[in-house]
Amino acid sequence: MHIIVLGAGVAGVSTAWYLAKAGHQVTVIDRAEAAAMETSFANAGQLSYGYTTPWAAPGIPQKALKWLFRPHSPLIFKPDGSLFQLRWLWQMLANCNEAAYHLNKERMVRISEYSRALFNQFEAETGMGFEARHRGTVQIFRSAAEVAASAKDVAVLEAYGVPYRRLRADECAEYEPALAAVAHQLAGALYLPNDGTGDCHLFTTRLAALCAEKGVVFKFNHSIERLEQAGGKISAVHAGGERFEADAFVCALGSFSRPALAALGLDLPVYPVKGYSLTVPVVNDAAAPVSTIIDETYKVAITRFDERIRVGGMAELSGYQIQLNPKRRETLELVLNDLYPHGGDTAQAAFWSGLRPMTPDSTPIVGATRFDNLFLNTGHGTLGWTMSLGSGKLAADLASGTATEIRSDDLGLSRYSGAHAHA
């Protein structure tokens, strides 16, 4: 079959990779000049298989109210003037209960663990480098209250068989030596050995090159204008002034999946949650991180690449704007300088922001639509990098009409059928 993938971020290129491996003719269409130029460009860098958890959780509404009034808040809310923003928030609040949390957690862990297995397989098969490290994640707690609250997370890890180790403050340096200098600021930590790191942009651009070697055609600088439909199917996509026909289509447009498909009557509950990052050159290797650290207080991740440190965080609900806010940079610099004051040079940092495609239940939408040949791979929130190969393989199998290797029937848009979805 000829299959068109809309979007050349990590989700779209991963989908294209598995479609090409299955023997399909594949075309990828994107408005940018190259792969991974938007949300996949400068994310936090962690492959958070063990840290996979829904934003919508019991107690989050109360926490969110407190965060909004903190000077370095991990959450920023700005009304964007749309009813969709309010509806999305209401749907998210409806998922902040124990039953929904465990249901959504199971779905997310299922995809993440599948993705982890595929990453291991991919690295073994291709040997492709992307500054990957396999040294786990250290989630640090700055207060006894945070340590106590982590008991619920530990219970979930145990329930899903995810390996972990609780750490005292002085044990953090076993995995992150530079934290020895700031152990007095910490109350404890949680170590997740199965997690990894890597440069998502580097991975995606190199994967796109491997796809091209398999015959995948990339149409860059092609903004998607509209999709044609006929007889319950998509017949063509108009992009960059051209018309492209195919047997099937996969939409992997991240936060822009919703507006792209709205004219078809598909109501995707995917909201753009803005995040920020700093990329800082390493100036002292011994004083820099070796893997990923997640600061529970600020909800900021610090990840080590070969010669760079990536600091990412914040969740800003403000619509589709991607303007850089210097206050967010201050927060990222504060956390990095607090934990690794001599590791990197923030004066040389590159400041960036991107829009994460978030669903109200935190689970991505991977599956069919009411159009027989249109499939979705979007809504991964902060875990698009972590889930990329897993959801890419799922989307490719579904578009191919092949049985998926893990359960996928509850991952599609149909789970929102009682909440304004049309599939």
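**Glutamate 228 and a pair of helices**

Guide: In this predicted model, glutamate 228 is in contact with Lys233, Ile234, Ser235, Ala236, His238 and Arg243, once its neighbours within four places in sequence are left aside. Glutamate 228 has its place in strand β10, which covers residues 224-230.

Visitor: Why does glutamate 228 count as buried?

Guide: The relative accessibility of glutamate 228 is 18%, and buried means under 20%, so glutamate 228 counts as buried.

Visitor: What makes the pairing of the side chains of glutamate 228 and histidine 238 a polar contact?

Guide: The two side chains are joined at 2.6 Å, and a polar contact needs a pair of N or O atoms within 3.5 Å, one able to donate a hydrogen and the other to accept it. The side chain of glutamate 228 also makes a polar contact with the side chain of arginine 243, in this case at 2.7 Å.

Visitor: Why are helices α4 and α6 called oblique to each other?

Guide: Helix α4 (residues 98-126) and helix α6 (residues 200-213) pack at an angle of about 55°, with their axes 14 Å apart. Angles under 35 degrees count as roughly parallel and those from 65 to 115 as roughly perpendicular; the angle here belongs to neither range, and α4 and α6 are therefore oblique. The crossing in which α4 passes α6 is left-handed.

Visitor: Which residues of α4 and α6 meet?

Guide: From α4 come Phe119, Phe122 and Thr126, and these meet Phe203, Leu207 and Leu210 in α6. The residues of this contact divide into 5 nonpolar and 1 polar, with no charged residue.

Conventions
Residues numbered from 1 in each chain as written. Predicted model: local features only at pLDDT ≥ 70, side-chain atom pairs only at ≥ 80, totals over all residues. Heavy atoms only, no water. Helix = DSSP H or I, 4+ residues; strand = E, 2+ residues; numbered from the N terminus. Buried < 20%, exposed > 50% of the residue type's maximum accessible area, 1.4 Å probe, protein only. Contact = heavy atoms within 4.5 Å. Axes fitted to C-alpha atoms, helices over the stretch in contact; angles between N-to-C directions. Parallel < 35°, antiparallel > 145°, perpendicular 65-115°, else oblique. Left-handed = near helix turned anticlockwise from the far one by under 90°. Nonpolar A, V, L, I, M, F, W, Y, C, P; charged D, E, K, R; others polar.
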